[in-house]
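Got the viewer open? Here's a short walk through the model, one selection at a time.

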Amino acid sequence: MKRILVLLAIVGAAACAHKKAAQEPVVPPPPPAAEAPASEEAAPVEVEPQVVTPVTDTPAQEALTYSLEELNAKGYLKPVFFDYDQSDIKSEFRDALEQNARFLARNPSVRVMMEGHCDERGTREYNIALGTRRAEAAKSYLVALGVDAGRLQTISYGKEKPFADCHDESCWSQNRRAHFVIIAK
Amino acid sequence: MKNWAFILSLSSVLLAAVPSAAQQDDLYLELRTPGIAKLNFSFLTLPDQPLWNQTLREDLLASEAFTLIESGVPSGGDPMKYFEALKGAGVDFYLSTSVEPSGTALVLRHNLYEVKSKKVILSKSYRGGFEAVPSMAHTLADELVLYLTGQKGLSLTKIAFVSDRTGHKEVWVMDADGGAHQPLTVHKSISFSPAWAPDGKTLYYASYLYGQPSLLALEWLEGRVRRLVPPKLKTATAPAPSPDGAWLAFAGAGADGNTDIHRLDLATGEAERLTFARGIDTDPAYAPMGNAIVFTSDRDGAPHIFLMDPRGLDARRITMEGGYNAEPRLSPDGRLLVYCAKEGNKFQVYLQDLLGGDRVRLTNSGSNESPFFSPNGRRILFASDRSGRFQLYTMDLNGGQVKQLTREGTNTQGAWSPYLK
C-alpha cells in the first residue's frame with residue numbers, strides 16, 4: 001500500500017512540474033522525489049527509509065527536559081522559506097522538515113502551531129489566503145512524513161506579523177515563511 | 001480589446017443610471033459628471049473663526065463641486081456693495097455669514113446669494129458651543145452641496161480604518177475630513193478589513209480575537225459586538241455586505257487551506273460557497289445594484305480582478321493587463337472600477353471605466369493600496385506609504401487634490417461609510 005501511495009505521489013509531482021506551482025493544491029511531493037530515479041521499480045526502494053518512524057534508541061526527549069518557552073527558543077523546529085507568491089516546499093527545505101518530523105517523532109506529546117507568513121508585496125487579504133496555503137503545504141509535508149495530523153494546527157498571518165521590518169529582499173525573504181511554534185508538550 | 005463585447009454587456013448589468021446625451025445641457029446632470037463643471041463659489045471668511053473657515057473650505061473642496069474664489073468682501077461689509085466685484089471675479093454663488101455670541105454658544109446665520117440676480121436663495125442658521133464649530137461647518141457644507149448640486153455631501157460621512165497606534169491593529173472611525181478619530185475595537189489582537197453595512201449602523205470586520213481569523217459584526221453606535229460563525233469554515237475574512245443588507249460575502253478557507261468566496265445569509269446564519277475554481281479567491285465586493293460581485297482570484301496563475309453573478313455563476317476576468325491586480329471596488333453608479341496593481345515592488349491605484357477605454361493610473365509615489373470610493377463617487381480613499389509609514393489619503397478621480405487624513409501610527413484599509421442619517 002505504501003508503495004502505491006509513493007508511486008502516485010511521484011507521478012502526481014511529475015505531472016505538475018511544468019505548471020505554475022502557486023496554483024497547485026498543497027500536496028507535498030515525497031521528500032526524495034527529486035533525487036529518486038524516475039523508474040517506477042527503483043523509486044519505492046529509495047523512498048522507504050525516508051519515512052520517519054520513532055527511533056528506538058531515542059536520545060533524551062527534549063520535551064521532558066525543557067519548558068515550552070525553552071523548546072521554542074532553542075529552535076528545534078526549523079522554519080521553511082518560500083519564493084514570492086509561491087507555496088510549494090522548495091527542495092532545500094526538505095532536510096529541515098525531515099528534522100522537524102524526527103523531533104516530533106522523538107517527542108510524541110508535542111503539538112505544533114504552524115504559521116504561514118508573507119512579505120509586504122501582496123495585498124492584505126490575498127496574503128492571508130497565501131499564508132494559509134503555505135502553512136497547509138508545510139503541514140501536508142509533515143503528515144506525509146508520518147506525523148499525526150492531529151498534532152499539527154495551522155494559522156495564517158499574511159503580512160500582519162512580519163519577522164523583519166525593512167523594505168528589501170533581505171527582510172522579504174525572512175517574512176515568506178512557514179514558522180513552527182510548539183504549543184503543547 | 002478582445003474583451004470589449006463583454007465589457008459592454010457588463011455595463012448594462014452594472015450601471016444604475018447614466019445621463020443620456022440629450023440631457024447633457026442640464027446643469028444638474030452636468031455637475032454629476034466627475035471632473036467637468038464646477039461652480040465658482042465664494043464665502044465670507046470669519047476673522048475670529050479660523051477652524052470654521054478651514055473646515056468649510058476643505059469640505060467644499062472635497063465635494064469636488066466647487067472652485068473657491070477669494071471674495072474680497074471685508075467682514076461686516078454689505079454684500080450688496082460688492083456684487084459687481086464678485087461678478088467680475090467670476091463668482092456664481094456667494095455665502096455671507098454673521099456671527100452672534102449667545103451665552104457660551106455661537107449663532108451662525110448664513111445667506112447664500114446668487115450673484116447674477118443678487119438674491120438670497122438659501123438661508124440657514126446654526127447654534128452650538130465652541131466645540132461644535134466643526135460640525136456646524138460640516139452641516140452647512142452638506143446643505144450647500146445638496147442645494148446647489150442635488151448631491152448629498154460627504155461632510156457628515158465617516159471613514160472606518162485599521163490603525164496600530166495603540167500597539168495593536170484595531171478598527172477606528174473618523175470624520176471624512178480626517179477629524180475626530182475614535183477607536184471602535186479594543187481587542188488587543190489583530191483586527192482588520194472593516195466594511196460598513198448599507199444602513200451605516202453595523203460595521204463588519206475580521207479579527208484574530210478567537211485564534212483563527214473570523215468575522216465580527218459591531219453595532220458601532222451602541223458598542224455591541226457579535227461573532228459571525230460561518231459553519232464548517234476554519235477562517236473567514238474580507239467581509240462585504242450586499243447593498244440590501246441581506247448577505248455578507250466573505251473569503252473563507254476550510255480544512256484544505258484553499259480560500260474561496262462564500263456568502264452568509266445574515267437572517268439565517270447559513271453560509272454558501274460561491275467559488276470552486278482552483279486558487280485563491282478573495283476581496284469580494286458587491287456591485288451597487290447587488291447584481292454582481294467583484295473579487296480577486298489567482299485561478300489564471302496570478303491575481304486578477306474577476307466579476308461574477310451574486311450566486312457565484314458566470315465568473316469572468318475583467319483585468320487583462322499587469323501581473324498582480326487586487327482589492328477591486330466599484331463606484332456607486334457601477335461604472336468605474338478601482339483596484340491596485342503591483343508594479344515593481346509597490347502597488348499603484350488604477351481606475352478603469354467599464355464602458356471602455358484604457359485603465360488610468362492614479363498614483364505614482366510610494367505603494368498605494370486598498371482604494372475605496374466615497375459614497376458620491378467623486379473621491380477615492382486609499383492607503384499609501386509615500387511619507388514613510390502607511391497613512392490614509394483621499395484624491396479626486398484624476399489622482400489630484402490629494403489630502404492626507406491620518407498621521408499617527410500606521411493606518412490602512414479605509415472604508416468610507418454610506419450617507420449616515
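Before counting anything: helices here are DSSP runs of H or I with at least four residues, strands are runs of E with at least two, and both are numbered from the N terminus. Also keep in mind that this is a predicted model.

**Stop 1: chain A.** Select the whole of chain A and colour by secondary structure. You should find seven helices and four strands. Going along the sequence, the pattern reads α-α-α-α-β-α-β-α-β-α-β. Now switch on a surface: chain A exposes about 8600 Å², with carbon and sulfur atoms supplying 57% of that. Chain A has 185 residues, and 49% of them count as buried. If you like contact maps, take the chain A contacts between residues at least 6 apart in sequence: 77% of these join residues at least 24 apart.

**Stop 2: a helix pair in chain B.** Hop over to chain B and select residues 50-62, helix α3, along with residues 133-149, helix α5. Their axes come within 9 Å and cross at roughly 35°, and the crossing is right-handed. To see who does the touching, show side chains: α3(B) brings L51(B), W52(B), T55(B), L56(B), D59(B) and L60(B). From α5(B) come V133(B), P134(B), A137(B), H138(B), L140(B), A141(B) and L144(B). Sorted by class, the contact has ten nonpolar, two polar and one charged residues.

**Stop 3: T157(B).** Next, pick T157(B), in the loop between α5 and β6 (158-163) of chain B. Buried or exposed? T157(B) counts as buried because its relative accessible area is 1%, and the cut-off is under 20%. Its side chain reaches the backbone oxygen of L154(B) at 2.5 Å, and a 2.9 Å polar contact links it to the side chain of W416(B). Leaving out residues up to four places away in sequence, T157(B) touches a set including D175(B), A176(B), P375(B) and Y419(B).

**Stop 4: R379(B).** Keep W416(B) on screen, as R379(B) touches that residue too. R379(B) sits in strand β26 (residues 379-384) of chain B. This arginine is buried as well, with a relative accessible area of 3%. What does its side chain make a polar contact with? The partner is the side chain of T394(B), at 3.0 Å. Then look for the backbone oxygen of Q401(B), which lies 2.6 Å from a polar atom of the R379(B) side chain. Among the other residues that R379(B) touches are A62(B), E64(B), F372(B) and F373(B).

Key: Residues numbered from 1 in each chain as written. Chains lettered and ligands numbered in written order. Predicted model: local features only at pLDDT ≥ 70, side-chain atom pairs only at ≥ 80, totals over all residues. Heavy atoms only, no water. Axes fitted to C-alpha atoms, helices over the stretch in contact; angles between N-to-C directions. Left-handed = near helix turned anticlockwise from the far one by under 90°. Contact = heavy atoms within 4.5 Å. Nonpolar A, V, L, I, M, F, W, Y, C, P; charged D, E, K, R; others polar. Buried < 20%, exposed > 50% of the residue type's maximum accessible area, 1.4 Å probe, protein only. Polar contact = N/O pair within 3.5 Å; in protein donor to acceptor, adjacent residues only side chain to side chain. Areas by Shrake-Rupley, 256 points an atom, 1.4 Å probe, with all protein chains shown as cover.
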